[in-house]
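Q: Please take a close look at how the helices pack against each other in this model. I would like the reasoning spelled out, and then the surroundings described.

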Amino acid sequence: MHTNLSSDSEMTISDIIKMQEKLNIGVILTDHLDLNYPNKDEFRVNLDKFFNLYKKYRNSNLLLGIEIGLGDSILEENTRISKAYPFDFIIGSVHAVDDEDIYYTYSQKGLSKKDYFENYFKSAINYISEFDNFDSLGHIDYPCRYCNFDNNNFTIQEHGDYLKKLFNILISKNKALEINTRRLNIPEVYRATVEIYSLYKECGGNFVTLGSDAHTSDAISTNFDIALALCKELNLTPVYFKNRKMIPML
């Protein structure tokens with residue numbers, strides 16, 4: 001989840017703690033660090049400020065992480081920063097294709113569905129091949145949010161080969177795959193998610209993290225019940241990370 005230190009969130013630590021206590025759950029703060037975002041004043045969390053502000057709240061039920069946007073041009077800096085701070089958890093996310101932000105510019109290029117998704121997968125496969133210091137790959141369906149095709153979701157028929165390559169890399173590196181719960185209540189998204197994570201399981205995948213991608217307190221843990229039922233159905237193991245070590249959720 002993202003606090004008001006992220007450019008796209010106004011959620012305060014007080015908001016988070018109130019909801020955490022109401023729901024009786026653990027939370028991990030993962031503010032944005034996207035060093036290739038076109039506006040250099042946005043999506044670059046001040047990590048010194050992050051730790052100075054939130055370290056006093058850190059405990060076994062409130063952990064401190066980061067969501068790092070991946071990319072070729074920022075590989076060295078991502079590696080340096082990810083090793084420089086005492087994160088509990090690092091999400092690696094693909095928010096850009098060849099340094100073109102998916103939301104801001106890439107989705108506006110008018111590409112065919114084939115090119116739109118193939119470019120994304122090729123970039124994602126390259127990024128996770130070269131960058132090692134992350135724990136879970138975030139919201140694999142991110143580009144599906146911002147396109148406008150007849151079917152905006154991945155399919156095994158169209159994208160299975162790319163998905164297998166990506167999953168095999170994650171598995172070989174002992175990385176988890178996030179189930180992003182933000183859109184799981186949408187029937188067609190849920191069906192596509194079942195198909196994708198069934199393939200992940202067939203490839204030998206087991207470990208998944210759950211992320212609500214919350215930017216407001218009312219979105220914290222949204223659709224977690226659906227995600228946990230999906231994990232049970234597919235025999236996947238939901239995990240979280242503390243001190244960069246994988247721990248089963250259940």
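A: Angles between helix axes under 35 degrees count as roughly parallel, those over 145 as roughly antiparallel, those from 65 to 115 as roughly perpendicular, and the rest as oblique. The model examined here is a predicted one.

In helix H4 (residues 113–130) and helix H5 (residues 156–172), the axes come within 10 Å and cross at roughly 10°. H4 and H5 are therefore roughly parallel to each other. On the H4 side, the contact is made by Lys113, Phe117, Glu118, Phe121, Lys122, Ala124, Ile125, Ile128 and Ser129. These meet Glu158, His159, Tyr162, Leu163, Lys165, Leu166, Ile169 and Leu170 of H5. By class, the residues of this H4 and H5 contact are 10 nonpolar, two polar and five charged.

Helix H6 (residues 187–202) and helix H7 (residues 224–234) form another such contact, with axes that come within 11 Å and cross at roughly 40°. H6 and H7 are therefore oblique to each other. The crossing of H6 with H7 is right-handed. From H6, the residues in contact are Tyr190, Thr193, Val194, Tyr197, Ser198 and Lys201, and they meet Ile226, Leu230, Glu233 and Leu234 of H7. Six nonpolar, two polar and two charged residues make up the contact of H6 with H7.

The surroundings include an open sheet of eight strands, ordered S1-S2-S3-S6-S7-S8-S9-S10, with mixed pairing. Strands S1 (27–33) and S10 (245–248) stand at its edges with a single partner strand each, so one side of each lacks a neighbour in the sheet. S10 runs antiparallel to strand S9 (residues 237–242), and four bridges join the two. In one of the bridges, Lys242 is partnered by Lys245 of S10.

The N-terminal residue can be added to this picture. Met1 lies in the segment before helix H1 (13–23). Its relative accessibility is 12%, so Met1 counts as buried, the cut-off being under 20%. Apart from neighbours within four places in sequence, Met1 is in contact with Met11, Ile16, Val27, Ile28, Leu29, Thr30, Asp31, Ala214 and Ile220. The C-alpha atom of Met1 is also 9.1 Å from that of Ala219, although the two residues are 218 residues apart along the chain.

Definitions and conventions. Residues are numbered from 1 along each chain as its sequence is written. This is a predicted model: local features need pLDDT of at least 70, side-chain atom pairs count only at pLDDT 80 or more; totals for chains, interfaces and linings use all residues. Side-chain values use heavy atoms; hydrogens and water are left out. Two strands pair if DSSP finds at least two bridges between them. Axes are lines fitted to C-alpha atoms, for helices over the stretch in contact, and angles run from 0 to 180 degrees between N-to-C directions. A crossing is left-handed if the near helix is turned anticlockwise from the far one by less than a right angle, and right-handed if clockwise. Contact means heavy atoms within 4.5 Å. Ala, Val, Leu, Ile, Met, Phe, Trp, Tyr, Cys and Pro count as nonpolar, Asp, Glu, Lys and Arg as charged, and the others, Gly among them, as polar. Buried means under 20% relative accessible area, exposed over 50%, partly exposed in between (1.4 Å probe, protein chains only).
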